[in-house]
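Reader: I'm new to this, so could you take me through one part slowly? I'd like a close look at the salt bridges and at how chains touch.

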Amino acid sequence: MSDKPILMADDDADDRFLVQAAFEDNNLSHSIVFFEDGEQLLNYLIPEEDNSAPNLILLDLNMPKRDGREVLKIIRTNDKWNDIPIIIFSTSNAPDDIVTAYQLGANCYIIKPSSYEELKDVMLSVHKFWL
Amino acid sequence: MKLSTFNLLNRTLSEQQLSLITRFLLGTSLILIIALSYSYNEINQELINYSEKVNQTQRVISSLNEVSSALYESTYHANTYLFLKDTAYINKTLAAAKTIPALTQKIDSLVVGNESQQKRLEALKVHVGEFSTYTERLAKSATLVNPAIVYALYKKKNLEVDSITKLISEMNNVEGQLMHMRVRSRDNYRLQVFRYNWIIMLVAIVFLSSAFVLLDRELKRNQFYRIDLENKIENLNRSNSELEQFAYVASHDLQEPLRKIRSFSDRLVSKYQEEISDEIFQMLNKIDGSAQRMQLLINDLLSFSRIVKTGSDARLINLNTSLADAKSNLSEMIMENKAVIHSELLPSVEGYGSQMVQLFQNLLSNSIKYHKEDQRPIIRITHRLVNGEIIPGVKPSHQEIQFHQIKISDNGIGFKKEFSEKIFIIFKRLHGRNEFAGTGIGLAICKRVVSNHNGYIFAESTEGEGANFYIYLPSESLLS
């Protein structure tokens, strides 16, 4: 299982860097494929064969082109991808956003932590629980 | 700003004066019009009286004329008899003479009040009597053949006729003059009152027109103000929604760079712990601390901006429940500090439930936070109903209303008297951050909650002797 990559779509380069760093600083050796928006992620996902489906998707909500909600909807309406765990990773703490994400089929909603130490802890727990 | 306030005041004053003037003009016009219609009635009556008097004079003259024609008729018949010796004329003479006393009697009532005419009338009556006597005697003696007697009687009768004619002519002259005078004074009166009434009417017309102009101006001005007010409300709504957008921007976009600052300085520390000097480590810590504090401030500002007044959400709030909720939210703090909170039974007020909880929560946590180190915090909450007029700086429209006074007293460290107003200003702090944590938003939120409820909040303290917070909330609903 662990050879399969983690996919992360986030338009914020800093957040992509910090997540990568958090995995590295926790000595976790997952390969992470990064995308700058939802469309890129879908383009990567669609031609993939079943056997190379990702381990986990980390999805930002607000992104250009296709946002996290659209991506979530498309992935969850495809039976082939039903089992992929999807974690929403967003700055928004608005109750509306959280409820919508779960309704669209997210497995977990994580508000981006405000310090690096917290981020490290969160990524460690993601690893332990989902990977 | 000051100038425009002055202008507004100035305008308001002259506004009041103008409305007073308008009322005066309208009121006076109304009184004048009523007076005019009453006076027309009176004038009419008076003119009728004048005409009546003129008529009376005319009747006197015509009656006198009747007397003289009867007199001449009788004389004419007497002369004819004497000339023709036809006895048929004797009866005609007597018949004409007999009508005269009745005719003179008729004048009696017409000259009442005029003494000189009455005297003449009395003289007239005497002469008429004499005339009648001589006429009768002349008729009786007509058959006698002694012409000397007849002639003597005839002469005496004619003397009476002369006297009567003279009197009638005098009376006629007097009546003529009287009539002339009465007609003139009637015309004078008419001229005078009509001129007088015209003036009153003119004044009323001028007043009414002025009042009309003023009212018209007032209406136009009101319309202008209404439009102005509508524009202002629109602007206010717009700026409110802009403020909401600002709150959103503050919560998300401002937090983002702060999160990055903290994350990267964190990572710098954790990754290069071994390599960096103590000084760099401390500086990075300070960067992190400042960013953290700024996050706190932004969050506080956000919660402050969320304390808004939305009329539709107001409902009846039991303050005992609000207090209980606040205590339960603070249960950890209360336990840690072994705080004791005594409360009287509190009333229910129209308001926003979550804001009321926040009000109590902020005040209680304030009292607990600033307790004396050697004493456990004791907080007393009391309630009484007071009149609006006792509240310092109360709005004039609130003076007549009853307010719930809720007093929250503690035995904490208190504060200097001069800070009693400053403590309600946002981010105003009386102590260094090292002594007491916090951003200084708590009491600012309290003040905002209370003013959202059309209430008042005051603090009173002497340093080292605890503090009293007074909350005044209107006992009747003013929210809508």
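Author: Let's start with chain B: of its contacts (heavy atoms within 4.5 Å) with a separation of 6 or more, 77% are between residues 24 or more positions apart. Keep in mind that this is a predicted model, where local features need pLDDT of at least 70 and side-chain atom pairs count only at pLDDT 80 or more, while totals for chains, interfaces and linings use all residues. Residues are numbered from 1 along each chain as its sequence is written, chains are lettered from A and ligands numbered from 1 in the order in which they are written, and side-chain values use heavy atoms, without hydrogens or water.

Chain B has 10 helices and 7 strands (DSSP runs numbered from the N terminus: H or I of at least four residues for a helix, E of at least two for a strand). Of its 480 residues, 37% are buried (under 20% relative accessible area; exposed is over 50% and partly exposed in between, with a 1.4 Å probe and protein chains only).

Now for the meeting place. Chain A brings 16 residues to the contact and chain B brings 11. The buried area (accessible area, 1.4 Å probe, that two parts lose on being put together, summed over both) is about 1,300 Å², and carbon and sulfur atoms give 50% of that. On the chain A side, A:L18, A:S114 and A:Y116 lose the most area to chain B, together 34% of what that side buries.

What links the two sides? There are 4 salt bridges across this interface (a side-chain nitrogen of Lys or Arg within 4 Å of a carboxyl oxygen of Asp or Glu). In a salt bridge between B:R267 and A:D25, the closest N and O atoms are 2.3 Å apart. On chain A's side, the elements that give two or more residues are α1 (13-25) and α5 (116-130). The largest share, 6 residues, comes from α1(A). Sorted by type, that side has 5 nonpolar, 4 polar and 7 charged residues (Ala, Val, Leu, Ile, Met, Phe, Trp, Tyr, Cys and Pro are nonpolar, Asp, Glu, Lys and Arg charged, the others, Gly among them, polar).

Let's widen the view: over all chains, the whole structure holds 23 salt bridges. In one of these, A:K112 pairs with A:D10, with the closest N and O atoms 2.9 Å apart. That pair links distant parts of the chain, 102 residues apart: A:K112 sits in the loop between β5 (108-111) and α5 of chain A, and A:D10 in the loop between β1 (6-9) and α1. Both of these residues are buried.

Over in chain B, B:K260 and B:E256 form a salt bridge at 3.9 Å, N to O. Both lie in helix α5 (residues 255-272) of chain B, 4 residues apart, about one turn of the helix. Here too, B:K260 and B:E256 are buried.

And here's the neat part: A:D10, A:K112, B:E256 and B:K260 are among the residues linked in a network of salt bridges, which also includes A:D12, A:D14, A:D15, A:D60 and B:R259.

One more pair to look up is A:E36 with A:R16, a salt bridge at 4.0 Å, N to O. A:E36 is in the loop between β2 (32-35) and α2 (38-45) of chain A, and A:R16 is in helix α1, 20 residues apart. A:E36 counts as partly exposed because its relative accessibility is 44%, whereas A:R16, at 15%, counts as buried.
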